[in-house]
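Welcome, and please open the model in your viewer. We will walk through it stop by stop, with a selection to make at each one.

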Amino acid sequence: MATVSYVAGTEVVCTASITVAGVATDPTEIGFAWQVGFATPTDYPSGDTHIIHDSTGTYHVNIDTTGLSGTVRWWWVATGTAPCAAAGSFNVAALPGPSPL
């Protein structure tokens, strides 16, 4: 799978779609975390306002990449009625400055 890259300042949407036996299901709890490089992860525990519940079994988090640079790793963890986990990553780079010519 190719790594997706974004320009710093782009809002990146990370989604989770959870099913049990093919049926969209809300977990008892769902958390999300993300990390740039080896920095301390930013953690959104279950119930955090950053975790948006779109519909049964579907959630998303928006990551503002302003000021970020490097590889961003993210992960979801759900427990209870629909235990599961998912992870991914993307790259963030600043636009190059104006040409000196």
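Before we start, one term: two strands count as paired if DSSP finds at least two bridges between them. A matching example is V77, whose bridge partner in β10 is A85. Keep in mind throughout that this is a predicted model.

**Stop 1: the whole chain**

Show the chain as a cartoon. You will find ten strands and zero helices, so to speak a run of β elements from the N terminus on. The C-alpha atoms fill a box of roughly 60 × 25 × 20 Å along the principal axes. Now switch on the surface: the chain exposes about 6200 Å², and carbon and sulfur atoms supply 59% of that. Of the 101 residues, 29% are buried. Among contacts between residues at least 6 apart in sequence, 63% join residues at least 24 apart.

**Stop 2: the sheet of three strands**

Select residues 11–17, 52–55 and 58–64. The first two ranges are β2 and β7, and the third is β8. Together they form an open sheet in the order β2-β8-β7, with antiparallel pairing. Which strands are at the edges? β2 and β7, each of which pairs on one side only. Neighbouring strands in this sheet are turned by 30 degrees against each other on average, direction ignored. Zoom in on β2 and β8, which pair over seven bridges. To see one bridge, pick A16 and its partner Y59 in β8.

**Stop 3: the sheet of five strands**

Next, look for the open sheet with the order β1-β10-β9-β5-β6, where the pairing is mixed. Its edge strands are β1 and β6 (42–44), and each pairs on one side only. Here the average turn between neighbouring strands is 25 degrees, direction ignored.

Select residues 70–79 to highlight β9, which pairs with β10 in the antiparallel sense over nine bridges. W76 has A86 as its bridge partner in β10, and V77 has A85. Follow the hairpin of β9 and β10 across the four residues between the strands, and stop at G80, which takes a positive phi near 85 degrees.

Now add residues 29–36. This is β5, which pairs with β9 in the antiparallel sense over eight bridges. Q35 is one residue to click, with R73 as its bridge partner in β9.

**Stop 4: the aromatic rings**

Show the side chains. How many aromatic pairs does a search of the whole structure find? The count is four. Start with Y6 and F90: their ring centres are 5.4 Å apart and their planes stand at 85 degrees, so the pair is edge-to-face. The cut-off behind that label is planes over 60 degrees apart. Y6 lies in β1 (residues 5–7) and F90 in β10 (residues 84–93), so this pair ties together parts 84 residues apart in sequence.

Are these two residues buried or exposed? Y6 is partly exposed, with a relative accessible area of 29%, whereas F90 is buried at 3%. Buried means under 20% relative accessible area.

Then select F32, Y44, W74 and W76, which ring pairs link into a cluster.

**Stop 5: a charge over a ring**

Finish by returning to R73, which you met as the bridge partner of Q35. Show R73 together with F38: the charged end of R73 sits over the ring of F38, 5.4 Å from its centre.

Technical notes: Residues numbered from 1 in each chain as written. Predicted model: local features only at pLDDT ≥ 70, side-chain atom pairs only at ≥ 80, totals over all residues. Heavy atoms only, no water. Buried < 20%, exposed > 50% of the residue type's maximum accessible area, 1.4 Å probe, protein only. Contact = heavy atoms within 4.5 Å. Areas by Shrake-Rupley, 256 points an atom, 1.4 Å probe, with all protein chains shown as cover. Axes fitted to C-alpha atoms, helices over the stretch in contact; angles between N-to-C directions. Phe/Tyr/Trp six-rings, centres within 6.5 Å; stacked < 30°, edge-to-face > 60°. Lys NZ or Arg CZ within 6 Å of the ring centre and 35° of its normal.
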